[in-house]
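Here are my notes on the structure you shared, set out as numbered points. I hope they are handy to keep open beside the viewer.

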Amino acid sequence: MRLTFLFAAAILSVRLHSADLPIQPLLSGPEGAYTVERWKQDWPGCEFEDGVKEGHVQLKAREEGRPWLRVNFVPGQIGPEKGGAGWRWPIGSHHAAELSYTLRFNQDFDFVKGGKLPGLCGGPENVSGGRPADGANGFSARLMWRRDGRGEAYVYHKNQPEKYGESFPFPEDFRFPPGKPVQVRIAVAMNTGGRRDGILRVWTTLPGQGERLMVERLDMEWRSAETFQVDSLYFETFHGGSDNTWAPSRPCYCEFTDFKVQKPREP
């Protein structure tokens with residue numbers, strides 16, 4: 001089955017070389033294995049990828065012919081290269097940006113201790129994986145699933161208390177429902193240099209429910225000076241964690257669709 005799209009490659013090229021928002025990756029090609037060649041076409045400009053050449057990513061056609069990226073998690077493995085997928089997609093440089101997408105875990109998903117989900121980042125380095133943010137090297141604001149489907153914002157910022165970022169948990173009653181689509185929005189606004197006035201907000205929409213604010217922080221210090229901004233969609237999803245006690249015990253996957261980066265809407 002071939003997925004058909006209404007957007008021309010020329011339009012995609014214009015969007016990617018412009019700092020204007022909104023911007024969207026345009027998933028293309030036939031259903032099946034998501035090759036490095038197709039990944040380069042859909043996500044141009046990335047400096048690295050993990051998990052694509054290893055065969056962890058597929059393209060699926062689901063509701064109304066919409067394309068979904070399926071990332072297959074490898075039993076016994078953690079991290080994007082061995083157990084999932086990851087890349088950093090440049091979106092231009094912005095004082096504030098909002099990422100939205102829809103995700104769906106498979107019905108029998110193995111949550112274990114937790115794992116990473118896509119978010120936003122900026123700066124000259126990839127601050128994640130135990131490389132702390134120091135105010136000059138960058139920031140990252142991703143989501144995580146946790147044990148039993150709980151959720152949180154997982155953030156690397158100047159004042160993070162530990163080497164491995166800082167967690168801002170979702171409300172205690174929240175759970176990612178396996179087998180059902182969940183819409184998420186992540187909004188980040190940069191701080192004034194040297195001040196704790198940056199913003200992080202996260203919303204979710206569960207099936208049959210209205211949108212709900214999960215996290216709101218108005219005191220973020222993403223940077224020491226105004227030397228970088230929000231500049232990338234940070235697509236990362238994998239189990240982990242720092243050791244194999246986070247690894248899934250059986251095959252499982254998460255699917256993603258409707259990625260969009262735009263100017264933040266009113267809270």
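1. Let me start with a cut-off: a salt bridge here is a side-chain nitrogen of Lys or Arg within 4 Å of a carboxyl oxygen of Asp or Glu. Glu125 and Arg131 meet that rule, with their closest N and O atoms 3.7 Å apart. Glu125 is partly exposed at 33% relative accessibility, and Arg131 is likewise partly exposed, at 42%. Please keep in mind throughout that this is a predicted model.

2. Now to the sheet. It is open and has eight strands, in the order β1-β3-β4-β15-β6-β11-β12-β13, with antiparallel pairing. The edges are taken by β1 (32-33) and β13 (212-220); each has a single partner strand, so one side of each has no neighbour in the sheet. As a reminder, strands of a sheet pair through backbone hydrogen bonds, either parallel or antiparallel.

3. At the β13 edge, the partner is β12 (residues 198-205), and the two strands pair antiparallel over six bridges. If you would like a residue to click on, Trp203 has Leu213 of β13 as its bridge partner.

4. Which strands flank β15 in the sheet order? They are β4 and β6. Strand β4 (residues 67-73) pairs with β15 in the antiparallel sense over five bridges, and Phe73 has Cys252 as its bridge partner in β15. On the β6 side (residues 96-105), seven bridges join the antiparallel strands, with Ser100 bridged to Lys260 of β15.

5. Is β15 largely enclosed or open to the outside? Eight of the eleven residues of this strand (residues 252-262) are buried, so the rest of the structure largely encloses β15.

6. The largest nonpolar core has 57 residues. Trp43, Trp87, Tyr101, Phe176, Leu200 and Phe235 have the most contacts inside that core. Apart from it there is another core, of eight residues, with Val127, Ala133, Met144 and Tyr156 among them. In soluble globular proteins, nonpolar side chains tend to be buried together.

7. Leu200 deserves a look of its own. Leaving aside residues up to four places away in sequence, Leu200 touches a list of residues that includes Ala141, Val155, Phe168, Ile186, Val215 and Trp222. The charged residues Glu216 and Arg217 are on that list too.

8. The aromatic residues also reward some time: the structure holds 23 aromatic pairs. One of them joins Phe170 and Phe174 edge-to-face, at 5.2 Å centre to centre and 80 degrees between the planes; both of these residues are buried. In another, the ring centres of Phe235 and Phe256 are 5.4 Å apart and the planes stand at 70 degrees, so this pair is edge-to-face as well. Phe235 in strand β14 (residues 230-239) and Phe256 in β15 are 21 residues apart, and the pair links distant parts of the chain. Phe235 and Phe256 are both buried.

9. Phe235 and Phe256 also belong to one aromatic cluster, together with Trp39, Trp43, Trp87, Trp89, Tyr101 and Phe259.

10. Two rings have a charge over them. Arg104 lies over the face of Trp68, 4.0 Å from the ring centre. The charged end of Lys116 sits over the ring of Tyr154, 5.0 Å from its centre.

11. Back to salt bridges, of which the count is 23. Glu98 and Arg265 meet through their side chains at 2.7 Å, N to O. This pair links distant parts of the chain, with Glu98 in β6 and Arg265 in the segment after β15, 167 residues apart. How accessible are the two partners? Glu98 has 0% relative accessibility and counts as buried, whereas Arg265 is partly exposed at 43%.

12. Finally, Glu172 lies in the loop between β10 (166-169) and β11 (182-189). Glu172 is exposed, with a relative accessible area of 56%, and forms a salt bridge with Arg175 at 3.9 Å, N to O. Arg175 is partly exposed, at 28%. Elsewhere, salt bridges that share partners join Glu98, Arg185, Glu211 and Arg265 into one network. As for Glu172 and Pro132, they are 40 residues apart in sequence, and their C-alpha atoms are 27 Å apart in space.

Conventions:
Residues numbered from 1 in each chain as written. Heavy atoms only, no water. Pairing = 2+ DSSP bridges. Helix = DSSP H or I, 4+ residues; strand = E, 2+ residues; numbered from the N terminus. Buried < 20%, exposed > 50% of the residue type's maximum accessible area, 1.4 Å probe, protein only. Core = buried A, V, L, I, M, F, W, Y, C linked by side-chain atoms within 4.5 Å. Contact = heavy atoms within 4.5 Å. Phe/Tyr/Trp six-rings, centres within 6.5 Å; stacked < 30°, edge-to-face > 60°. Lys NZ or Arg CZ within 6 Å of the ring centre and 35° of its normal.
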